[in-house]
Structure formats: C-alpha cells, structure tokens
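Me: I should be grateful for a close look at a single part of this structure. Please treat one pair of strands and the residues around it, and then place the neighbouring parts beside it.

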Amino acid sequence: MSELCRERLATQLAEAVAEALRQDLTRQERALLVVSGGTTPVPFFRALALCALPWSRVEVTLADERWVPEEHTDSNARLVREHLLQGPAAEANLVPLTTRDATPEQGVDEVAERLAQLAWPASSVVLGMGHWPVTTAASCRYAPSWPAPWPFTGRPDPMERHQ
C-alpha cells in the first residue's frame with residue numbers, strides 16, 4: 001500500500017472518529033476515545049490531532065498498555081502523548097492504565113477508580129491489531145456509514161450481539 005493511500009485512510013478514520021466525538025459532545029459534557037498503542041495507529045493519531053474539536057472536553061484512554069513508567073519507550077501512553085496529544089489536542093485528558101506502583105496488582109484499584117470516572121460508553125474505540133492499516137478496527141457509535149475497506153462494525157453497538 002502506498003504512503004499516500006495510508007495517509008488517506010488515516011485521515012478518513014480521524015474524520016469519522018472526530019465526528020463521533022462531536023456528536024457525543026452535543027449531548028453530553030465529556031466524550032471518551034479509547035485507542036490502542038503501538039506504532040500501528042500513529043498516522044491516525046497525527047491526523048486526529050489536526051481535527052477541530054473542543055479537546056478540553058475529550059477524555060482519552062488506552063485499550064491496552066504495558067506496565068512500564070509512562071516515560072518508557074514501550075509505554076502506549078507516551079506514544080499517545082507524542083503523536084495524538086499535540087497542538088490543540090494536547091488539551092485532551094489522557095487517563096493512563098498504569099500507576100507508579102511496582103505491579104499491576106498493586107495499582108489495579110487506582111486504575112479502576114480512574115476508569116470508573118470516564119464518560120462511558122466510549123464515543124469511539126480504535127483497536128490496532130497488527131500492521132497499519134489493514135488490521136485496524138474502529139467502532140464509532142454515531143458514525144452513519146463507513147467507507148470500504150475498513151473492518152468497521154458500525155451500528156448497532158458490536159457488543160449487543162454478545163449480550
């Protein structure tokens with residue numbers, strides 16, 4: 001896949017996610033975005049950071065994380081700060097999945113408390129599952145449609161069929 005095609009796909013995804021956030025922000029004070037880390041979503045992060053949003057009302061958390069300090073090169077929170085939370089998007093509130101505790105078992109209560117305070121359900125969840133962009137999946141609860149070739153689950157909420 002060409003670099004130009006990758007950039008276009010990242011921009012499409014960013015526009016759809018930004019619209020889902022905007023839709024929720026018309027109905028509620030805060031909106032939640034859940035993203036994966038790794039290098040897979042970096043083009044999307046950069047494109048989303050350029051979108052005009054009331055970023056101070058957007059909460060961002062991670063779908064996955066390694067139990068390392070946020071400054072560590074393997075930290076997904078660091079990656080989000082470096083590639084998404086730039087420019088106006090730096091006003092978003094990043095809610096990390098780690099603490100300064102030595103183990104996840106020691107930090108789980110603090111992380112659970114943070115997560116309980118978020119604006120659930122998430123406006124959008126973007127999961128990176130391998131090499132960009134082919135295996136990136138997204139769910140935007142209010143996105144009316146999704147252009148091919150995204151493996152988008154669309155409406156209704158994908159968790160409904162599992163309940």
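Reply: In strand β2, the residue that forms the bridge partner of Leu-33 is Val-60. The model discussed here is a predicted one. The bridge between Leu-33 and Val-60 belongs to the pairing of β1 and β2, which run in the parallel sense over 5 bridges.

Consider β1 itself. The strand spans residues 31–35, and 5 of its 5 residues are buried. In a regular strand the side chains alternate between the two faces of the sheet. In β1, Ala-31, Leu-33 and Val-35 point one way, while Leu-32 and Val-34 point the other way. The residues of both groups are buried.

Turn next to β2, where Glu-59 lies. Is Glu-59 buried or exposed? Its relative accessibility is 6%, and buried means under 20%; Glu-59 therefore counts as buried. The side chain of Glu-59 takes part in a polar contact of 2.2 Å with the side chain of Arg-30. The Glu-59 side chain also reaches the backbone nitrogen of Ala-119, at 2.8 Å. When neighbours within four places in sequence are left aside, the residues in contact with Glu-59 include Ala-31, Leu-32 and Leu-33. Also among them are Asn-93, Gln-117 and Leu-118.

After β2 (58–62), the loop between this strand and α3 contains Pro-69. Pro-69 has a relative accessible area of 43% and is therefore partly exposed, whereas Glu-59 is buried. The C-alpha atom of Pro-69 is separated by 7.5 Å from that of Thr-98, although the two residues are 29 residues apart along the chain. Not counting residues up to four places away in sequence, Pro-69 touches Ser-75 and Arg-100.

Finally, there is the helix to which this loop leads. Two packed helices are described by the angle between their axes and the distance between the axes. For α2 (residues 42–49) and α3 (residues 76–83), the angle is about 45° and the axes are 9 Å apart. The two helices are therefore oblique to each other. On the side of α2, the contact is made by Val-42, Phe-45, Arg-46 and Ala-49; on the side of α3, by Leu-79, Val-80 and His-83. By class, this contact has 5 nonpolar, 1 polar and 1 charged residues.

Terms used: Residues are numbered from 1 along each chain as its sequence is written. This is a predicted model: local features need pLDDT of at least 70, side-chain atom pairs count only at pLDDT 80 or more; totals for chains, interfaces and linings use all residues. Side-chain values use heavy atoms; hydrogens and water are left out. Axes are lines fitted to C-alpha atoms, for helices over the stretch in contact, and angles run from 0 to 180 degrees between N-to-C directions. Helices (H or I, at least four residues) and strands (E, at least two) are DSSP runs, numbered from the N terminus. Angles under 35 degrees count as roughly parallel, over 145 as roughly antiparallel, 65 to 115 as roughly perpendicular and the rest as oblique. Contact means heavy atoms within 4.5 Å. Ala, Val, Leu, Ile, Met, Phe, Trp, Tyr, Cys and Pro count as nonpolar, Asp, Glu, Lys and Arg as charged, and the others, Gly among them, as polar. Buried means under 20% relative accessible area, exposed over 50%, partly exposed in between (1.4 Å probe, protein chains only). A polar contact is a pair of N or O atoms within 3.5 Å; within protein, one must be able to donate a hydrogen and the other to accept it, and residues adjacent in sequence count only if both atoms are side-chain atoms. Two strands pair if DSSP finds at least two bridges between them.
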